[in-house]
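Biologist: Please take a close look at the aromatic rings in this model. Tell me how they pair, and then what packs elsewhere in the fold.

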Amino acid sequence: MWIVAALGSALFAGLTAILAKCGIRHTDSDVATALRTLVVLVFAWVMAAITVGDVPDALAAISPRSYAFLALSGLATGGSWICYFKALASDEVDRVVPIDKSSAVISTLLAIVLFGETGHLAVKLLATAVILAGTLMMVRRRGAGAGTAANPAREELRASASPVQPWLVYAVLSAVFAALTSILAKVGIEGVDSNLATALRTCVVLAMAWGIVAARGKLAEVRSVDHRELGFLVLSGLATGASWLCYYFAVQTGQVSVVVQIDKLSILVSIAFARLVFGERLTRRAAVGLALIVAGTCAMSIWK
């Protein structure tokens, strides 16, 4: 059952990236993150109320330790989101998403060390190495034109002028925070309904997201958000909420090292829609990298 939940998480997470990209073409990424989080919060608490029943009693039964780890997981999620949408706003989906999904590599290694998930260890380590190699192939700098061949001289000049691109820094930070989210959440949801845990974490993310908007003086921009983009942000928030519910159920009942890899198959959904919606094409090298990521993930799922 947790494998099915992880696949559901991947599907909704893939839709999240595309819907969010449509919602931040003219909207500030910090404002977009805060608005999306509002939608996720409502969605998460409605689901918690349906599945838990007596929410006050359930909240009273949660230990201080679980509250602490859920709060830390929420902070890590907020950091990941902020960095992720900064990267999405400044670059192409099919370059940002693979780096963000590399958080699965970090999560897998941490799960092996911290949770003793050493079953089929050799397969897990080999699959993780394959996934990392595929990710590196996908994030190689490409030409500016979608679907056109890269100009080596131009790319070399661009790389030497700016060796570390801002979008790349944000994407890497997004992956690091996302990895910490999974590990901290695994500890925090022990003995806690996964839907209720998701709702609690979202409260932390909401406070963090709106705090950043206020601190950066962007509250006035909320009123001027384009209605069409707001619609996409709402849909993105609903997709995120559905993804989280599936993901944390899978994390709670399954193996973190496997769940995080399956969840990252959302890259297939994101890239497929990026091709259809934005016309972003993969180079041959990037396509091989994607195939390696999928192969490594399938191996992890089979030999779990």
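Modeller: Start with the term. Rings of Phe, Tyr and Trp, the last by its six-membered ring, form a pair if their centres lie within 6.5 Å. Planes over 60 degrees apart make the pair edge-to-face, and planes under 30 degrees apart make it stacked. Keep in mind that this is a predicted model.

By that rule, the structure holds 2 aromatic pairs. Take W244 and Y248. Their ring centres are 6.5 Å apart and their planes stand at 80°, so this pair is edge-to-face. W244 and Y248 both sit in helix α12, which covers residues 227-253. They are 4 residues apart, about one turn of the helix.

How well covered are these two residues, buried or exposed? W244 is buried, at a relative accessible area of 9%. Y248 is buried as well, at 3% relative accessibility.

Y248 has another ring partner. Y247 and Y248 make an aromatic pair with 5.0 Å centre to centre and 85° between the planes, which is edge-to-face. Y247 counts as buried too, at 6% relative accessibility. Ring pairs thus join W244, Y247 and Y248 into a cluster.

W244 also has a charged neighbour. R201 lies over the face of the W244 ring, 4.9 Å from the ring centre.

Stay with helix α12 for one more residue. L238 has its place in α12. L238 is partly exposed, with a relative accessible area of 37%. What lies across from L238 in the fold, though distant along the chain? The answer is V42. L238 and V42 are 196 residues apart along the chain, yet their C-alpha atoms are separated by 9.3 Å.

Now the helix packing. Helix α2 (residues 29-52) packs with helix α10 (residues 194-215). The angle is about 160°, and the axes are 8 Å apart. An angle over 145 degrees counts as roughly antiparallel, and α2 and α10 are therefore roughly antiparallel to each other. The crossing of α2 past α10 is left-handed. What kinds of residue make up this contact? The count is 21 nonpolar, 6 polar and 1 charged.

Three further residues show parts of the chain meeting across sequence distance. Take helix α4 (residues 64-90), where I82 is found. I82 is buried, at a relative accessible area of 12%. I82 and A34 are 48 residues apart along the chain, with their C-alpha atoms separated by 9.2 Å.

Then helix α3 (residues 55-60), which holds A58. A58 has a relative accessible area of 19% and is buried. The cut-off for buried is under 20%. A58 and V192 are 134 residues apart in sequence, but 8.2 Å apart in space, C-alpha to C-alpha.

Last of the three is V277, in helix α14 (residues 266-278). V277 is partly exposed, at 41% relative accessibility. The partner here is C22: V277 and C22 are 255 residues apart in sequence and 9.1 Å apart in space, C-alpha to C-alpha.

One more helix deserves a look. Why is helix α13 described as largely enclosed by the rest of the structure? The helix spans residues 256-263, and 8 of its 8 residues are buried, so the rest of the structure largely encloses α13. The buried residues are V256, S257, V258, V259, V260, Q261, I262 and D263.

Back to your rings. The part to inspect on screen is the cluster of W244, Y247 and Y248, with R201 over the face of W244.

Note on methods:
Residues are numbered from 1 along each chain as its sequence is written. This is a predicted model: local features need pLDDT of at least 70, side-chain atom pairs count only at pLDDT 80 or more; totals for chains, interfaces and linings use all residues. Side-chain values use heavy atoms; hydrogens and water are left out. Helices (H or I, at least four residues) and strands (E, at least two) are DSSP runs, numbered from the N terminus. Buried means under 20% relative accessible area, exposed over 50%, partly exposed in between (1.4 Å probe, protein chains only). A charge sits over a ring if NZ of Lys or CZ of Arg is within 6 Å of the ring centre and within 35 degrees of the ring normal. Axes are lines fitted to C-alpha atoms, for helices over the stretch in contact, and angles run from 0 to 180 degrees between N-to-C directions. Angles under 35 degrees count as roughly parallel, over 145 as roughly antiparallel, 65 to 115 as roughly perpendicular and the rest as oblique. A crossing is left-handed if the near helix is turned anticlockwise from the far one by less than a right angle, and right-handed if clockwise. Ala, Val, Leu, Ile, Met, Phe, Trp, Tyr, Cys and Pro count as nonpolar, Asp, Glu, Lys and Arg as charged, and the others, Gly among them, as polar.
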